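Me: I have a model open and would like a close look at a single part of it. Please take one helix, then set it in the wider chain.

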Amino acid sequence: MLSLTHPEPARALKMLLNIDLVSDFVCPWCYIGKVRLYKAIESLRSEHQTLDFRINWLPYFLNPNTPPSGEPYRAFLEAKFGSAAEVDALHARVAEAGAPDGVQFAFDRIAIRPNTMLAHRLTYGLQARGARQERIRAVTDGVFEAHFNLGKNIGDAEVLADIAAACGENRERTLAYLESGENLTSVRRMAEQVQKQGISGVPFFIIDRKLALSGAQSSTAIGAAILQAMG
């Protein structure tokens with residue numbers, strides 16, 4: 001018997017592309033690079049509806065010797081770059097680079113250069129339990145913004161728990177996790193493996209394990225690299 005109903009059109013299968021993003025939350029270029037990556041992704045999604053992405057955040061420590069409680073921000077930078085004038089010039093260059101992408105910095109609000117182990121553990125924990133990409137993006141966005149725009153100490157478990165809670169995570173559970181030693185060894189091991197691969201600067205993008213980009217490339221360059229990896 002013939003049916004008068006029309007068959008539903010087959011749904012297009014999604015193509016999932018993995019992008020490993022090596023970064024540190026105290027790196028201003030990582031903040032810019034993250035924004036440019038998501039801009040590239042949004043542009044590609046508008047042109048390729050069957051394309052989907054998974055961002056895998058990998059830990060990197062710009063200064064692995066940062067004390068657990070952090071250290072004075074300006075004093076550290078002035079010692080590293082030689083003078084207050086050099087630090088001011090660096091901040092000006094970073095601010096100028098981020099402005100076209102809407103990335104703003106409030107360097108004058110930052111008092112503490114934090115140890116980022118807790119922030120990396122927070123991200124690692126979300127990924128390990130399979131949190132949705134939207135949730136991971138919201139939390140990582142919140143960590144960057146807390147440090148670079150609000151001057152909050154992202155090495156403080158209470159601050160990170162507040163960020164996670166604002167993104168829909170359970171605050172008490174997050175705080176208990178951060179105050180434990182869970183995943184500490186895993187994060188350290190992952191950071192060591194990243195360095196063993198020869199990665200010595202961030203941000204660093206590994207696209208579908210085929211192509212790598214170093215530095216805060218433009219969203220156009222990142223998009224082109226993604227298309228090249230797909231080919």
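Reply: What follows starts with one helix, moves on to the whole chain and ends at one strand residue.

This is a predicted model. The helix is H2, residues 73-81. Which of its residues are buried? They are Tyr73, Phe76 and Leu77. Look down the axis of H2 and these buried residues fall within an arc of 90 degrees, so they line one face of the helix.

What does that face pack against? The buried residues of H2 have three partners: strand E3 (71-72), helix H3 (84-98) and strand E4 (112-113). Just after H2 comes Gly82. Gly82 takes a positive phi of about 105 degrees.

Now the wider chain. The protein chain holds nine helices and six strands. Its C-alpha trace spans about 85 × 40 × 35 Å along the principal axes. There are 231 residues, and 47% of them count as buried.

Contacts come next. Take those in the protein chain with a separation of 6 or more. Residues 24 or more positions apart account for 75% of them.

Then the surface and the charges. The protein chain exposes about 12,400 Å². Carbon and sulfur atoms supply 51% of that area. The chain carries 25 positive and 25 negative charges. The mean positions of the two sets are 5 Å apart.

How confident is the prediction? The pLDDT of the protein chain averages 93, and 94% of the residues score at least 70. Over residues 1-11, however, the pLDDT is below 50. In the model this stretch has zero contacts beyond near neighbours in sequence.

Last, a residue in a strand. Met15 sits in strand E1, which covers residues 15-23. Is Met15 buried, partly exposed or exposed? Met15 has a relative accessible area of 35%. Buried means under 20% and exposed means over 50%, so a residue in between is partly exposed. Met15 is therefore partly exposed.

Which residues does Met15 touch, leaving aside its neighbours within four places in sequence? Met15 is in contact with Thr50, Leu51, Asp52 and Met230. His48 can be placed relative to Met15 too. The two are 33 residues apart in sequence. In space they are 9.6 Å apart, C-alpha to C-alpha.

To return to the helix: Tyr73, Phe76 and Leu77 are the residues to select in H2. Show E3, H3 and E4 alongside them to view the packing.

Definitions and conventions:
Residues are numbered from 1 along each chain as its sequence is written. This is a predicted model: local features need pLDDT of at least 70, side-chain atom pairs count only at pLDDT 80 or more; totals for chains, interfaces and linings use all residues. Side-chain values use heavy atoms; hydrogens and water are left out. Buried means under 20% relative accessible area, exposed over 50%, partly exposed in between (1.4 Å probe, protein chains only). Helices (H or I, at least four residues) and strands (E, at least two) are DSSP runs, numbered from the N terminus. The arc is that of the directions from the helix axis to the C-beta atoms. Contact means heavy atoms within 4.5 Å. Accessible areas come from the Shrake-Rupley method with a 1.4 Å probe; for residues, only the protein chains shown count as cover. Lys and Arg count as positive and Asp and Glu as negative; His and the chain ends are not counted. The place of a charge is taken as NZ of Lys, CZ of Arg, CG of Asp or CD of Glu. pLDDT is the predictor's confidence in each residue, from 0 to 100.
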